[in-house]
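What follows is a guided reading of one protein model, intended to be read with the coordinates open alongside. It moves from strand pairing to pockets and ends with a single backbone angle.

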Amino acid sequence: MAYTGSCLCGGVSFRIESELEPIQVCHCEQCRKAQGGPFATNVPVATSAFRLLSGDELLRSYESSPGKQRLFCGCCGSPVLSRRQSLPGVVRVRAGLINEPLKVGPAWHAHTGSKCNWWSIEDRLPQYREGHAP
């Protein structure tokens, strides 16, 4: 299975040439600020399965914490992915950018100890007060 995706303006587009891992939902303050919402929805993808199709020149990077980069479209501002030096073979693609219907759903909630007070978690997925390292 292959998946495609793009940012809001379509300038950055990509292809994922693998099945998707379950979605990771992060409620930490950094993810909330980077997404502009109550949480981020991330899909871990092996770098060998991720292909940037267009927009390399549009991608901007911000090191939000030591060793962690967040990449976003410099034209429309859409968050595209993040990567960590400690996980060199993985990028975390923002699930909302993927075009096709997903066969996977969320697996768990991380950093619920710092989640916003105006969004309640009402599913029965595991919740981790701090980060979760699968």
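In this predicted model, the hairpin formed by β1 and β2 has six residues between its strands, and within this hairpin Gly10 adopts a positive phi near 85 degrees. The two strands themselves, β1 at residues 3-6 and β2 at residues 13-16, run antiparallel and are joined by four bridges. To follow the pairing by eye, begin at Tyr3, which stands opposite Ile16 in β2.

Strand β2 also pairs with β5, residues 50-54, and here again the strands run antiparallel, with four bridges between them. Within this pairing, Phe14 has Leu52 in β5 as its bridge partner. Strand β2 is therefore a useful reference when tracing the chain, since pairing is assigned where at least two bridges are found between two strands, and β2 has four bridges to β1 as well as four to β5.

The pockets come next. The largest pocket encloses about 410 Å³ of space, and its lining consists of 22 residues, among which Gln24, Arg84, Leu87, Arg92 and His132 lie nearest the centre. Several elements contribute at least two residues each to this lining, namely β3 (23-26), α1 (29-35), β4 (40-46), β7 (68-73), β9 (90-94) and β10 (106-110), and the largest share, three residues, is supplied by β3. Sorted by class, the lining of the largest pocket comprises eleven nonpolar, seven polar and four charged residues.

The second largest pocket has a volume of about 190 Å³ and is lined by 15 residues, with Gln30, Lys33, Ala34, Tyr62 and Arg70 lying nearest its centre. At least two lining residues come from each of α1, β6 (59-65), β7 and β8 (79-84), while α1 provides the largest share, five residues. The lining of this second largest pocket divides into seven nonpolar, four polar and four charged residues. Helix α1 and strand β7 thus deserve attention in both places, as each supplies at least two residues to the lining of the largest pocket and at least two to that of the second largest.

One further backbone feature lies in the loop between β10 and β11 (127-128), where His111 is found. Most residues other than glycine have a negative phi, yet His111, although not a glycine, has a positive phi of about 60 degrees. Its relative accessibility is 24%, so His111 counts as partly exposed, given that buried residues fall under 20% and exposed residues over 50%.

Note on methods:
Residues are numbered from 1 along each chain as its sequence is written. This is a predicted model: local features need pLDDT of at least 70, side-chain atom pairs count only at pLDDT 80 or more; totals for chains, interfaces and linings use all residues. Side-chain values use heavy atoms; hydrogens and water are left out. On a 1 Å grid over the protein atoms alone, a cavity is a set of points where a 1.4 Å probe fits but cannot get out, and a pocket is an open set with protein on both sides within 12 Å along at least five of seven lines; lining residues have an atom within 4 Å of a point. Grid points are joined across faces, edges and corners, and a volume is the space filled by probe spheres set on the points. Ala, Val, Leu, Ile, Met, Phe, Trp, Tyr, Cys and Pro count as nonpolar, Asp, Glu, Lys and Arg as charged, and the others, Gly among them, as polar. Buried means under 20% relative accessible area, exposed over 50%, partly exposed in between (1.4 Å probe, protein chains only).
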